[in-house]
Amino acid sequence: MADLQEQIRRQNPDQTVPFSAEPRSQDSNTPSKHKLPNFLLSVKLKYVKLGYHYLISNAMYLLLVPLLGISSAHLSTLTARDVAQLWDQLRFNLVTVVLCSTLMQFLVTLYFMTRPRKVYLVDFACYKPDPARICTHETFMERSELTNAFTKENLTFQQRILERSGLGQQTYVPDAVLRVPPNQCMAEARADAEAIMFGAVDQLLAKTGVRAKDIGILVVNSSLFNPTPSLSSMIVNHYKLRGNVTSYNLGGMGCSAGVISIDLAKQLLQVQSNSYALVVSIENITLNWYFGNDRSMLITNCLFRMGGAAILLSNRPSDRRRSKYQLIHTVRTHKGSDDKSYGCVFQREDEKKKIGVSLSKDLMVVAGEALKTNITTLGPLVLPMSEQLLFFTTTVARKVFKMKIRPYIPDFKLAFEHFCIHAGGRAVLDEIEKSLELTDWHMEPSRMTLYRFGNTSSSSLWYELAYSEAKGRIRKGDRMWQIAFGSGFKCNSAVWRALRTVDPAKEKNPWMDEIHEFPVHVPKVVSIGSTSK
């Protein structure tokens with residue numbers, strides 16, 4: 001009963017569990033014992049569905065109970081003479097017993113040698129920039145106007161976007177962009193990249209106690225800023241990593257590159273035993289702030305902000321006890337073969353040869369199709385049998401028997417306790433909340449990350465997980481679903497399981513000194529320079 005109540009609480013955190021299903025009689029002249037309860041009013045179908053989920057999920061155990069009972073009854077009839085006869089038969093068939101034992105040992109050895117190595121997330125760290133780089137809405141509009149790069153109409157356009165973006169007043173913007181005039185140069189971009197990467201990695205190494213020399217795999221992803229030498233080489237040089245470190249630098253893969261980096265590190269850990277993998281996800285907007293008047297490129301100025309994260313993975317069995325999470329699944333979906341999907345997020349030059357990232361009006365439709373394809377692959381791996389049966393039944397009814405019924409959308413809240421959805425923008429979060437039928441509690445980490453830090457690209461998933469940790473929500477055995485979208489167009493998922501309960505009192509992450517202030521109400525529209533409306 002306690003487990004059932006906890007499951008209901010997580011799916012409906014703002015509601016209580018009804019324990020009485022029988023309504024009071026409204027007719028005082030009629031004895032209540034002669035009236036049947038109105039189940040349509042008194043019983044909520046979600047609780048019936050939850051009971052069905054528990055029934056199907058535990059069907060195997062329910063079937064095993066009678067089988068064990070029958071087996072126990074049969075074994076209880078055996079006598080000492082029966083046991084002696086069985087031993088004599090085995091003794092006179094020694095060759096058969098040896099062959100069977102050898103075969104069994106061989107199969108067990110083969111299984112343990114070929115099974116995938118388990119990948120653990122030892123810990124992670126998110127970078128929090130200096131307060132001097134905080135950019136309020138008013139500062140954003142003031143500096144944009146002082147550049148004299150935007151027309152009056154496009155300044156108004158950016159103001160409307162910012163007012164409806166869901167971003168708060170404490171997001172971070174590079175100093176080079178805030179200066180008047182802006183100082184966009186390679187030196188500034190390198191300095192910002194170093195501050196983000198080294199700040200996150202320093203904190204991670206301090207939290208884990210791992211020496212830089214022990215890192216055997218390095219994967220760095222940054223979509224737009226890819227200098228020579230690469231960002232991964234900058235880390236190798238700064239931390240003096242060993243000469244045989246396997247390093248990769250992923251570029252141009254958009255906001256979903258963080259999950260791609262995790263997947264790549266997972267694959268590398270399958271072939272390198274007893275290794276640590278360092279994954280660094282950042283985005284550098286210093287050289288990619290758009291100072292033109294193409295409105296499709298101005299949206300990124302209003303949404304993207306500074307941020308980065310460092311993650312330490314391990315395949316060492318000895319690290320399991322101290323690790324936070326275990327990587328269960330990664331699922332990648334690429335819709336690049338479709339021209340509309342390929343061009344919906346596109347870096348190009350405008351009419352005046354100024355470079356920016358253009359966002360198509362088809363972006364939400366493309367993202368929806370990519371998410372549909374991704375969860376179609378992920379669903380059978382994570383959904384309980386109860387949901388798979390309901391989905392299969394409705395699909396057969398619609399496709400085979402041509403029944404006019406609504407397609408069944410699986411309830412992913414039965415598969416995951418926590419959702420980390422890429423904080424790409426308010427519209428993206430609204431659509432996913434509606435599509436997956438998530439609650440405000442499930443969406444809170446993503447919405448608060450967008451509000452506090454803005455769209456930090458591939459690292460936003462880790463700010464969201466850090467928020468859940470700071471709130472004390474992570475319990476041993478909890479399952480987390482990270483969903484990210486990126487140019488190309490890609491939708492990628494990573495599924496984690498918590499190996500231990502995370503104590504927020506022992507955590508160091510960018511939320512800890514202000515977590516008591518969250519969650520906050522985020523109005524649909526916040527007028528810049530005045531009150532919300």
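## Threonine 300 and its contacts

Threonine 300 touches Val357 and Leu359, once its neighbours within four places in sequence are set aside. Its home is helix H13, which covers residues 295–303. With a relative accessible area of 10%, threonine 300 is buried, because the cut-off for that label is under 20%. Please keep in mind as you browse that this is a predicted model.

## The protein as a whole

Stepping back, the chain has 533 residues, and 47% of them count as buried. The protein contains 19 helices and 13 strands.

Contacts across the sequence are worth a look too. Among contacts with a separation of 6 or more, 79% join residues that are 24 or more positions apart. As for the outside, the protein exposes about 27,800 Å², and 58% of that is supplied by carbon and sulfur atoms.

## Aromatic pairs

How many aromatic pairs does the structure hold? There are 18 aromatic pairs. One of them joins phenylalanine 416 and phenylalanine 419: the ring centres are 6.0 Å apart and the planes stand at 75°, so this pair is edge-to-face, the label for planes over 60 degrees apart. Phenylalanine 416 is buried at 1% relative accessibility, and phenylalanine 419 is buried as well, at 2%.

Tyrosine 467 and tryptophan 511 make another edge-to-face pair, with 4.9 Å from centre to centre and 80° between the planes. Tyrosine 467 belongs to helix H19, while tryptophan 511 sits in the segment after strand S13 (490–498), so their pairing ties together parts that are 44 residues apart in sequence. Are these two residues buried or exposed? Tyrosine 467 is buried at 0% relative accessibility, and tryptophan 511 is likewise buried, with a relative accessible area of 0%.

## An aromatic cluster and charges over rings

Tyrosine 467 and tryptophan 511 also belong to one aromatic cluster, together with Tyr172, Tyr451, Phe453, Tyr463 and Phe518. Within this cluster, phenylalanine 453 has a charged visitor: arginine 452 lies over the face of its ring, at 4.9 Å from the ring centre.

A lysine does something similar elsewhere. Lysine 207 is placed over the face of phenylalanine 124, at 5.8 Å from the ring centre.

## Serine 468 in helix H19

Helix H19 spans residues 460–470, and serine 468 is part of it. Tyrosine 467 lies in helix H19 too. Is serine 468 buried or exposed? Serine 468 counts as buried, because its relative accessibility of 2% falls under the 20% cut-off.

Which residues does serine 468 touch, not counting those up to four places away in sequence? The contacts of serine 468 are with Pro445, Arg473 and Ile474.

## A nonpolar patch on the surface

For a view of the surface, look at Leu64, Leu67, Leu68 and Ile70. These residues form a nonpolar patch, and together they have about 410 Å² of accessible area.

Leucine 68, a member of this patch, is located in helix H4, which runs over residues 59–75. With a relative accessible area of 56%, leucine 68 is exposed, because that value is over the 50% cut-off. Leucine 68 is thus on the exposed side of the scale, whereas serine 468 is buried.

Key: Residues numbered from 1 in each chain as written. Predicted model: local features only at pLDDT ≥ 70, side-chain atom pairs only at ≥ 80, totals over all residues. Heavy atoms only, no water. Helix = DSSP H or I, 4+ residues; strand = E, 2+ residues; numbered from the N terminus. Buried < 20%, exposed > 50% of the residue type's maximum accessible area, 1.4 Å probe, protein only. Contact = heavy atoms within 4.5 Å. Patch = residues over 30% accessible without salt bridge, like charges linked within 9 Å, V, L, I, M, F, W, Y side chains within 5 Å. Areas by Shrake-Rupley, 256 points an atom, 1.4 Å probe, with all protein chains shown as cover. Salt bridge = Lys/Arg side-chain N within 4 Å of Asp/Glu carboxyl O. Phe/Tyr/Trp six-rings, centres within 6.5 Å; stacked < 30°, edge-to-face > 60°. Lys NZ or Arg CZ within 6 Å of the ring centre and 35° of its normal.
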